[in-house]
Structures are given as structure tokens and as C-alpha cells.
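Biologist: I would like to go through this structure and ask what stands behind each label. Please show it first.

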Amino acid sequence: MTNDSTVTVYSTEQVKRARIAVAAVFTVHGAVTGSFATRVPWIQDHAGVSAGQLGLALAFPAIGASIAMPLAGRISHRFGARTALRGLLALWTLALILPALAPNLVTLCAALFVYGATAGMSDVAMNALGVEVENRLDKSIMSGLHGMWSVGALIGSAAGTVAAHTATDARTHHLVAALVLTALGLIACRDVLDIQSHPDEEPPPRFTLPPKSALIIGAIGFCAVFAEGASLDWSAVYLRDVLDSSDGLAAASTTAFALMMAVARIAGDRIVDRFGAVRTVRTGGVMATAGGLLVVFAPSPAAAMCGFGLLGLGVAVVVPLAFAAAGRSGPNPSQAIAGVATITYTSGLIAPSAIGSLAEATSLVVSFGVVTVLAFGLVLGAGVLRSADRKVTGSAVGEGTTTKSAAGG
């Protein structure tokens, strides 16, 4: 069976509109996450669960995503990339309603499983279409797309903060947010590329192990996401407990890290286009390693904040480039992207608890020593992202270029 998708000719203007549309989809996706994160305390109180039970429940989004992500390629194969993304994104935005409705631990775990499953499938679909647009434009856009996800998360968080400050019931807040984001998502999906699989193409399997290429690329993503998750969840605690800073200054370190991540991702495409994926990630790994060392040996809170900022800058573009490399790593891009996404989701799941467990057994300083070692892994392993560097073969738009679908499996 051929693995080529039905080729559609798109004009330069259509591909540029598709880039804007995919960026809007990433923003909507991030806004759902930001909206949920700000209301977790309300959801915990409503479900009547302890901190330990909440930690258990919060593992279910990653479990649901890991199980469901391989299905995204099959759905895209059957319905086409545009229809698949439209449906999966709508399921994800509407799933925001579910956690706030859960009255107990069991229903909360079930709600978060569905929440994570729809998040993962829509994540794979939008990243696959992002890679497709990047291929046709023949320039890096994946870092910027993930930067827009961060912008969406900040917007959702800001709205959630206002809702929490005004004591708005999270069920009302999330219902309104879900309806607004669903509408915006459906509008954005109108201009994404509509990649269709070849009629004779064999559909991808429902469940399959990630290809070898995805495991290798995913290892780099694992290092970056582990450093990201550790820094986001533990930077404030580190400044407070290790360096005896005030609560306000400790919280500012987390904000600084998140802002550096967002800025680096938005600016990252120009850097990647100029220097290539491998050199960009290798340089980022050097910066992240230096940041980790600065955190570990910080003589003051200010120095540690600079270290966390360097960590954010260094790891920011790794995951977008890992998705781009996966999308070009073999004959089944959607499966490879799902494999990399599964590995990175797993890393994000285990990082906060692993840091906490290691800190309890030793110290937070030792924990961030491990983060520093993983950051150095980016320097050593950057070469596996070589497939993220595009090979220029002529105009990728205008009269259209024959490309394989990154969304059709």
C-alpha cells in the first residue's frame, strides 16, 4: 500500500492563512489548560479530595493522553486532517466542563482521564498540521506555534485568576470558557490545510508502539520537559527553602521562568531558520546546563532566578523541534509525533514527583543537580533532531508542492 496522501495544491496565500489558523488553534488549546489550572483548588474542594488524592487524580490526564494519542492518526486518516482537528479540538474544549462537575475522587479521575485523552489527540492533530504547514512554507514555525500555546495558557490563566478572585463558581466559569473556546476553535479550523489520505492507503493501527525514531527523538524531548516541569513546580520552593527568600520573590522566579519560555519560543523560529535545529538545541543545552549550575551553586536568590531564566531559555524550543523532527522521521509522521508526545507527556508527569522524592531522600540542591545533568543531555543528543532541519528543494508553495501528510497517518 502506498503511504502517500492525496496531494492538494495550495496557493502561497492559502498556506499563509493556514499558518495563522494553526497558530490560533494552538492558542485555543493553551487557553483550555490555563483555564483549568487556575481552578484546581476549587475543584479539589468541590470533590472533597485530599492533597494526596488530588495528586493521584492529576495523573489521569497524562494517562488518558498516552492511551488516546495513537488514535489521532487513524481519525485523521478516516475523516481528513481538517475535519479531524475540528472534532478533536471541540472535544478538548468541551472537556474543560467535566472536572468541575466531579463530586468525588472516582468521578474526578474519570473526568480528568477524558480531559487528558481529548487533549492528547487534539495535540497530535494540531502538531501534525503545524509540521505540514512548516514543510510547505519551508521555514521554521513550530517554535512560534508552541509560543502561541504559551500565550493561550497565559490568557486562560489570567481569565481564571479573575474568576477565582471574584469567587465565580468554576462550573459556570468553565462552561462559559468552554463554549467561547469551542466557537473560536471551530472558526480557526476553517483555514487549516485539509490533508486527505490516499483512498488505497492502509489506515494506521489503533494502538501501536512508537517507532524507533520517535523513541530516540523523544529522549531529547524527555530531558527538556523534565527540566521544564521541575523548574515550573519547584523553582519557588527552591528559592524559599534553599535560599530563604520571601514568598513574593519565590513566586516571581516561576513567573520569570514561564515568561522566558514564552519569549524564547516566539523568537525561536528566526533562530532555527538561521542556525538550524541541531545548533539551536545544542546551544540551548549549553545555556540550560549553565542555568542549572547557577541554580545549584547560587549564592543568592537573584542568582538562582537568573539560573532558572537560563533554564527556561535553553529548553524552550526543544519540544517544538522534537515534534518537527518526528514529523519528518519516517513514512508515518502522525505515529511518530504521537510517540514523541507520549514520551514528553510522561516526562511532564513524573518530573515534579521525582524531584520531590529525590529532595526528600537527599536535598533540592541534589535534585537540581540531576536536572542539570539532563540539560547537558541536550548538548550531547542534539544531533538526533537533524531531521528537523529542512532541505530546500524549491518553492514549497505557490503552485503547490507534493508532500506527505503529517496528519493522515
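Biologist: Why is Leu154 called partly exposed?

Modeller: One caution before that: this is a predicted model. Leu154 has a relative accessible area of 44%. Buried means under 20% and exposed means over 50%. The value for Leu154 falls in between, so partly exposed is the label.

Biologist: Where does Leu154 lie, and how far is its C-alpha atom from that of Thr33?

Modeller: Leu154 is part of helix α9, residues 142-165. Its C-alpha atom is 9.3 Å from that of Thr33, although 121 residues separate the two along the chain.

Biologist: What makes Ser35 count as buried?

Modeller: Ser35 has 3% relative accessibility. The cut-off for buried is under 20%, so Ser35 qualifies. Ser35 sits in helix α1, residues 12-37. Setting aside neighbours within four places in sequence, its contacts include Leu96, Gly156, His173 and Leu181.

Biologist: And how do you know that Ser235 is buried?

Modeller: The relative accessibility of Ser235 is 0%. That is under 20%, so the label is buried. Ser235 belongs to helix α11, residues 212-241. Beyond its neighbours within four places in sequence, Ser235 touches Ala230, Ser253, Thr254 and Phe308.

Biologist: How many disulfides does the search of the whole structure find?

Modeller: Zero. A disulfide would need two cysteine sulfur atoms within 2.5 Å.

Biologist: Are Cys109 and Cys223 buried or exposed?

Modeller: Cys109 has a relative accessible area of 9%. For Cys223 the value is 12%. Each value is under 20%, so Cys109 and Cys223 are buried.

Biologist: Now the aromatic rings. Why is the pair of Trp92 and Tyr115 called tilted?

Modeller: The search of the whole structure finds six aromatic pairs. In this one, the centres of Trp92 and Tyr115 are 4.7 Å apart, and the planes are at 50°. Rings pair if their centres lie within 6.5 Å, so the distance qualifies. Stacked needs under 30 degrees and edge-to-face needs over 60, so 50° is tilted. Trp92 is in helix α6, residues 81-95, and Tyr115 is in helix α8, 23 residues away. Both Trp92 and Tyr115 are buried.

Biologist: What makes the pair of Tyr238 and Phe368 edge-to-face?

Modeller: Its planes are at 80°, with 5.3 Å centre to centre. The angle is over 60 degrees, so the pair is edge-to-face. Tyr238 lies in helix α11 and Phe368 in helix α17, residues 364-381, so the pair ties together parts 130 residues apart in sequence. Tyr238 is buried at 1% relative accessibility. Phe368 is buried too, with a relative accessible area of 1%.

Biologist: Which residues form one aromatic cluster with Tyr115?

Modeller: Phe36 and Trp92 join Tyr115 in that cluster.

Biologist: Which residues make the nonpolar surface patch?

Modeller: Ile63, Ile67, Leu98, Leu101, Phe113 and Val114 make this patch of about 450 Å². Helices α4 (60-68), α7 (97-101) and α8 (105-137) each give two or more residues to the patch. Phe113 lies in helix α8. With a relative accessible area of 30%, Phe113 is partly exposed.

Biologist: Last, the whole chain. How many helices and strands does the protein chain have?

Modeller: The protein chain has 17 helices and two strands. Of its 409 residues, 53% count as buried. The chain exposes about 16600 Å², and carbon and sulfur atoms supply 66% of that area.

Definitions and conventions:
Residues numbered from 1 in each chain as written. Predicted model: local features only at pLDDT ≥ 70, side-chain atom pairs only at ≥ 80, totals over all residues. Heavy atoms only, no water. Buried < 20%, exposed > 50% of the residue type's maximum accessible area, 1.4 Å probe, protein only. Helix = DSSP H or I, 4+ residues; strand = E, 2+ residues; numbered from the N terminus. Contact = heavy atoms within 4.5 Å. Areas by Shrake-Rupley, 256 points an atom, 1.4 Å probe, with all protein chains shown as cover. Patch = residues over 30% accessible without salt bridge, like charges linked within 9 Å, V, L, I, M, F, W, Y side chains within 5 Å. Salt bridge = Lys/Arg side-chain N within 4 Å of Asp/Glu carboxyl O.
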